[in-house]
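Colleague: I am new to reading models like this. Can we talk through how the labels are earned?

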Amino acid sequence: MLTKVKAFAPASVANVSCGFDILGFPIDNIGDTIEIERNNTGKITINPIKGPGTLSTDPDKNVCGVIAKAMLKDLGKSDGIVISLTKGILPGSGLGSSAASSAVTAFAVNALYGNPFDGKKLVEYAMLGEELASGTKHADNVAPATLGGFIAIRSYDPFDLINIPVPENLYCAVIHPMVEVRTELSRNVLKKNVPLKTAIKQWGNVAGLIAGLFSSDYNLIGRSLEDHIVEPVRSLLISGYAEIREAAKNAGALGGGISGSGPSIFNLCEGEESAKAVANAMAKAADELKLPYEVHVSKISTTGCRFVE
Ligand code: HSE
């Protein structure tokens, strides 16, 4: 059996406009890396965390610690483990920061013990991290970060995940304005009830988006990227939101919205060149507003957690 595992989990875009808590996909190139080593101390230790953010290293207050503890308990193991985490994603970015740490922990602990759990079960373990970080066990970041691909959560109880095919030439351009929006706060501002007329519009867009992804209909994908429920409330927390969205639209984006709970803003595009042009246009808009930011361009990644040499 392995004594040490090193693995990576990607950032992700959750909600994808119309699919609050039920849709998400991974972004390539950015994410969190973990090294987990087994020992016989019987204790879970988290080394000082490298990279951006100021996360706790107390195993009961850190998503990696909570997940590792739950998995060891279920496996009946009294081993100790040492966790070394390198964050590639700033917490509170809307790019699935807690999800990447959670997913990679579940993946690495599973590998350490010979892969006793299947992918769906790993997502359920990773959701414990989301519960700690945001107060809710949502899977729209952890499922794509763990499994890769565009994922829909058909149901939380019973837990049912669907892998949605993605058109070959679908790319994503993301801008991350460098301000922290805490997921817990941006969940609390949401209205608890949705008028039926609004829900009908939202359901129509979810149907359109999924149909567009299945049939590679870029136009249908674009016009389905509308959010009548969450965006009107959350966009108020993101300075420059309207200007950045407008710039992306004018540069040819198919459509977009808030990435996860924000402040990041994503846009789907047909082709890499278009995604780069949209990223540049969003960056220019942010420059004009004097907002600090990072931009990312990525194919809709089909890879979730993976081993690192
Ligand atoms: N669906 C979650 C939310 C994603 O929007 O609160 C958090 O990243």
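The turns below go from the ligand out to the domains.

Modeller: Keep in mind that this is a predicted model.

Colleague: Which residues are around the ligand?

Modeller: They are A14, N15, F20, D21, H138, D140, N141, T183, R187, R234, G260 and S261. To be listed, a residue needs a heavy atom within 4 Å of the ligand. By type, this shell holds two nonpolar, six polar and four charged residues.

Colleague: What makes the pair between the side chain of N15 and the ligand a polar contact?

Modeller: The cut-off is 3.5 Å between N or O atoms. An N or O atom in the N15 side chain is 2.8 Å from a ligand oxygen, so the pair qualifies. For D21, a side-chain N or O atom is 2.5 Å from a ligand nitrogen. For R187, a polar side-chain atom lies 2.7 Å from a ligand oxygen. Both pairs therefore pass the 3.5 Å limit too.

Colleague: How much of the ligand does the protein bury?

Modeller: The protein buries 97% of the 260 Å² that the ligand exposes when taken alone.

Colleague: Where does the ligand sit?

Modeller: It sits in the largest pocket. That wording needs more than half of its atoms within 2 Å of the pocket's grid points.

Colleague: Why is the ligand said to lie between domain 1 and domain 2?

Modeller: Domain 1 (4-164 + 302-307) and domain 2 (170-299) both give residues to its shell, so the ligand lies between them. The domain centres, taken over C-alpha atoms, are 24 Å apart.

Colleague: How many residues of each domain are in contact with the other?

Modeller: 30 residues of domain 1 are in contact with 39 of domain 2. Contact here means heavy atoms within 4.5 Å.

Definitions and conventions
Residues numbered from 1 in each chain as written. Predicted model: local features only at pLDDT ≥ 70, side-chain atom pairs only at ≥ 80, totals over all residues. Heavy atoms only, no water. Polar contact = N/O pair within 3.5 Å; in protein donor to acceptor, adjacent residues only side chain to side chain. Areas by Shrake-Rupley, 256 points an atom, 1.4 Å probe, with all protein chains shown as cover. 1 Å grid on protein atoms, 1.4 Å probe; cavity = no way out; pocket = protein on both sides within 12 Å on 5 of 7 lines; lining within 4 Å. Nonpolar A, V, L, I, M, F, W, Y, C, P; charged D, E, K, R; others polar. Domains from an automatic or database assignment.
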